[in-house]
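Consider how some of the helices in this protein pack against one another, and then turn to a pocket. The explanation below takes the helix pairs one at a time.

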Amino acid sequence: MSTLTMTAPRPVTLHIGPSKALRHALALAGRSVAKIRKNPETLIDVTLQPIIFLVLFVYLFGGAVAGDATAYLQVLLPGLMVQNTAFASMGTGMALNTDITKGVFDRFRSLPIARSAPLVGAVLGDVVRLLVALAVLLITAVVMGFRVHTDPVSFLIAVILMVAFGLCLCWVAVWVGMLVKSPGAVPGTLVGFMFPLTFGSNVFVSPSTLPGWLQGWVNINPVSHLASAARGLLLGGDWAAHAGWAFLWAVGITAVFMPLALRAYKRRVG
């Protein structure tokens, strides 16, 4: 009498070109968007928390930092949009880790798709998450008195820069998501990376008020450059040089953490 044994699905091995790999990634990006549509509560961390930060810093510290809450709002909001984008990227690592622990990736391995498609698709799907996060924060700020002083093209460039930078940071979250054992460990691990980037920057205060040793980091921090570019694009002023440095940082982050994430993914799922 024969016995049946259950085995994990075997990965499908085949050659897939770049164009097909991109189509597979876009299809899985649609899956990520559908998950957000069916479970909008997953956006609470990138909508409610930034609003709390905005109200807290403007009305509690605005007078002390800038002498006036409304004046501080104009300076703070572009930087806070950058911070919100950075923190929103953490959700990618949590979602991927959840899929792995629930066995979803075992199903992906049995499909004739590119091995990188689940990771690239998850990152591309985060565009919606990042846009929602920025929109909610901006609408709240406008109600509080924030005004854009430039033209729609400059505003669009600012949004594109933030979303692109957020997608690059997603690869850090993906890497961590592939390394830790549980979804709950992802945000705790990433906080150690995100806090020096966001709070050690010019988002909240002018670098000139900081100790000299800290100014050195703030002046090269990619978040500082992106925040300065956003202020120039939304309020007026020079922004191109800062945008260029932020772009170089984004390319460097992707060049380092994307291969690390893919390698960790191969080790994790086999």
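**Helix packing and a pocket**

In this predicted model, the axes of α2 and α3 lie 9 Å apart, and the two helices pack at an angle of about 145°. The crossing of α2 past α3 is right-handed. On the α2 side, the contact is formed by V46, P50, F53, L54, F57, V58, Y59, G62, G63, V65 and A66. From α3 come A69, Y72, L73, L76, L77, L80, Q83, N84 and A88. Sorted by class, the residues of this contact are 16 nonpolar and four polar, with no charged residue.

The next pair is α4 and α8. Their axes come within 10 Å of each other and cross at roughly 155°. Angles over 145 degrees count as roughly antiparallel, so α4 is roughly antiparallel to α8. The crossing of these two helices is right-handed. α4 contributes M90, G93, M94 and N97 to the contact, while α8 contributes V186, P187, L190, V191 and M194. Seven nonpolar and two polar residues make up the contact of α4 with α8, and no charged residue takes part.

A third pair joins helix α6, residues 117-144, and helix α11, residues 240-269. The axes of α6 and α11 come within 10 Å and cross at roughly 130°. Because of that angle, α6 is oblique to α11. The crossing of α6 and α11 is also right-handed. P118, L119 and V120 of α6 meet M258, A261, L262 and Y265 of α11. The contact of α6 with α11 has seven nonpolar residues, no polar ones and no charged ones.

What surrounds the second largest pocket? This pocket has a volume of about 260 Å³. It is lined by 16 residues, and those closest to its centre are D45, Q49, F87, A88 and M90. The elements that give two or more residues to the lining are α2 (44-66), α3 (69-88), α4 (90-101) and α8 (185-198). The lining residues of the second largest pocket divide into eleven nonpolar, four polar and one charged.

The pocket can be tied back to the helix pairs through individual residues. A88 is among the residues closest to the pocket centre, and A88 of α3 is also part of the contact with α2. M90 is likewise among the residues closest to the centre, and M90 of α4 is part of the contact with α8. The helices of those two contacts, α2 with α3 and α4 with α8, are the elements named for the pocket lining.

How values were computed:
Residues are numbered from 1 along each chain as its sequence is written. This is a predicted model: local features need pLDDT of at least 70, side-chain atom pairs count only at pLDDT 80 or more; totals for chains, interfaces and linings use all residues. Side-chain values use heavy atoms; hydrogens and water are left out. On a 1 Å grid over the protein atoms alone, a cavity is a set of points where a 1.4 Å probe fits but cannot get out, and a pocket is an open set with protein on both sides within 12 Å along at least five of seven lines; lining residues have an atom within 4 Å of a point. Grid points are joined across faces, edges and corners, and a volume is the space filled by probe spheres set on the points. Helices (H or I, at least four residues) and strands (E, at least two) are DSSP runs, numbered from the N terminus. Ala, Val, Leu, Ile, Met, Phe, Trp, Tyr, Cys and Pro count as nonpolar, Asp, Glu, Lys and Arg as charged, and the others, Gly among them, as polar. Axes are lines fitted to C-alpha atoms, for helices over the stretch in contact, and angles run from 0 to 180 degrees between N-to-C directions. Angles under 35 degrees count as roughly parallel, over 145 as roughly antiparallel, 65 to 115 as roughly perpendicular and the rest as oblique. A crossing is left-handed if the near helix is turned anticlockwise from the far one by less than a right angle, and right-handed if clockwise. Contact means heavy atoms within 4.5 Å.
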